[in-house]
Amino acid sequence: MRLVIAQMKHETNTFSPVPTPLARFARGAAQPLEGAAVRDAFKGTGTAIGAFIDLADQAGAEAVYPVAGNAAPSAPVDTAAFEAMAGLIVDAVARGCDAVLLDLHGAMVTRTHDDGEGELLERIRRVAPEVPIGVALDMHTNLFPAMGQLATVIAGYQTYPHVDMYETGLRAGKAILSNAKPALAFGYRPMLPHVMRQSSLDSPNKEIQARAKEMEKQGALAASFFVGFPHADIPYAGSSAVVVTDGDAAKAQALCDELLGMAWDAREQFVYRVEPLAQSLRRAKDMGAGSLRPVVLLDHYDNCASGGTMDTMAVLGGILDAGLEEAAAFAICDPQAVEQMKRAGVGARVTLALGGKMDMPAIGLTGRPREVTGNVRRICSGLYRNEGPMARGELADMGPAAVLDTGKVEIAVISRHVEPHDIAAFRALGIEPEKKRYLMLKSRVHWRAGLGPMARAVIECAGEGVCTSDYSKLKFRRVRRPIFPLDPA
Ligand SMILES: [Zn+2]
């Protein structure tokens with residue numbers, strides 16, 4: 001048996017100004033991984049492609065690995081980047097194989113195609129109309145019909161924070177490699193759940209995902225409810241569901257409709273209500289006194305894992321102005337500032353025009369740096385390995401990084417976008433987050449994977465950025481209408 005196993009992941013924020021060239025898929029190298037290097041990088045990791053590799057090994061299959069690319073969320077993918085990766089995958093399939101296993105995100109928009117994954121599947125189908133295709137998708141998939149029509153099996157993450165990437169790969173792969181006859185049904189409800197209300201640790205997604213898992217225990221090969229990724233102005237942004245059964249199309253459709261019905265009935269619970277930043281910071285100050293464990297200040301408008309520039313200074317500036325002490329901030333992405341700190345050296349006192357390097361024309365914001373003075377506490381390469389539970393064992397790279405210590409706040413300044421969801425990111429910088437009184441995180445939900453247990457409380461801070469949780473700041477022109485909550489139900 002010959003398998004083609006590949007990864008091509010990107011969550012596209014069409015409002016983001018952060019470019020997406022091929023190098024962004026390459027984790028610091030010039031090109032994404034290919035061939036045996038893919039296996040070396042992902043064997044034993046808690047990822048969907050890691051599961052595909054294990055399944056291939058267990059089946060004694062010959063596996064080829066045309067490409068593994070995973071870019072942090074940003075603007076639509078450069079056409080050349082998509083063509084390079086899709087070309088490698090389609091060429092590998094065209095050389096002949098018994099099945100294709102793909103670790104995709106599901107919300108890829110390119111400069112040429114609204115539906116990057118659907119375009120990939122169409123090209124695969126042109127060279128291999130009958131080959132079984134198993135796809136693992138992120139819960140933030142914006143599912144276009146092509147995906148549902150062309151894939152043989154689709155399995156989506158059932159957790160947010162995403163701590164079941166490996167298990168999702170197993171479900172997609174096993175359904176393909178077994179003797180089952182997959183029957184796939186998919187569908188929609190017109191709704192754009194807010195990201196801040198999507199966690200599977202909370203209602204209503206907790207119950208929806210629990211029901212999906214139960215469907216699998218009762219015999220479905222894969223049951224997935226996708227919350228969708230709302231910061232994408234494309235026709236199929238928003239929630240969807242896919243259920244795959246063994247040969248029973250009507251049952252698959254009924255279960256799919258059941259998941260969608262649960263989501264629609266809970267639509268009001270998926271709406272996020274914004275608290276003004278000044279009020280959030282006042283609450284933070286009141287809450288911090290005598291605190292033994294950190295109060296997390298969530299800078300959720302600028303989460304790089306949703307396409308944020310990771311350099312807006314509104315929340316960090318508010319923390320500095322409020323005089324909050326014993327605080328750490330992760331992170332400001334500002335390669336120029338890192339260079340300045342490297343030149344000054346550890347121990348030097350520096351004044352930086354920090355952050356605010358990127359404009360955000362889609363939301364009418366100009367980048368505004370903030371002058372910050374402090375001591376350079378540490379300089380490091382920025383490479384670290386995730387301890388988990390999310391993407392356990394995967395190598396992460398924040399690029400050259402440094403810590404600026406103002407005396408009250410230790411600010412991580414990094415050169416590549418990584419969302420803080422793993423304690424190893426802090427340890428690489430010599431910061432002990434559990435000993436801080438305040439922890440500012442540019443994150444929305446994933447921080448809860450590795451840092452949630454240490455938090456005494458969380459305060460959601462409405463700062464600035466292209467991941468704004470205020471839909472009125474986003475100009476939707478192309479998403480299908482009506483859609484809740486942009487339009488009344
Ligand atoms: Zn996601």
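1. **Second largest pocket: lining.** In this predicted model, twelve residues deserve a look. Met196, Arg197, Ser199, Asp202, Tyr272 and Leu298 are among those that line the second largest pocket. Arg444, Val445, Trp447, Arg448, Val458 and Glu460 also line the second largest pocket. Two elements, α13 (447–450) and β19 (457–461), each give two or more residues to this lining.

2. **Pocket volume and character.** The volume of the second largest pocket is about 170 Å³. By class, its lining holds 6 nonpolar residues, 5 charged residues and 1 polar residue.

3. **The sheet.** β19 also belongs to an open sheet of 8 strands. The strand order is β12-β13-β16-β17-β11-β18-β10-β19. Pairing is mixed. Strands of a sheet pair through backbone hydrogen bonds, either parallel or antiparallel.

4. **Edges and twist.** β12 (349–354) and β19 are the edge strands. Each pairs on one side only. From one strand to the next, the twist averages 30 degrees.

5. **One pairing in detail.** Strand β13 (residues 370–380) and strand β16 (residues 401–405) run antiparallel. They are joined by 5 bridges. Arg378 has Val403, in β16, as its bridge partner.

6. **A helix on the sheet.** Helix α9 (residues 277–288) packs on the sheet. It touches β10 (295–299), β18 (438–441) and β19. The direction of α9 makes about 160 degrees with that of β19.

7. **Where to look.** β19 links these points. This strand gives two or more residues to the pocket lining, is an edge strand of the sheet and is touched by α9.

Technical notes: Residues numbered from 1 in each chain as written. Predicted model: local features only at pLDDT ≥ 70, side-chain atom pairs only at ≥ 80, totals over all residues. Heavy atoms only, no water. 1 Å grid on protein atoms, 1.4 Å probe; cavity = no way out; pocket = protein on both sides within 12 Å on 5 of 7 lines; lining within 4 Å. Points joined across faces, edges and corners; volume = space filled by probe spheres on them. Helix = DSSP H or I, 4+ residues; strand = E, 2+ residues; numbered from the N terminus. Nonpolar A, V, L, I, M, F, W, Y, C, P; charged D, E, K, R; others polar. Pairing = 2+ DSSP bridges. Axes fitted to C-alpha atoms, helices over the stretch in contact; angles between N-to-C directions. Contact = heavy atoms within 4.5 Å.
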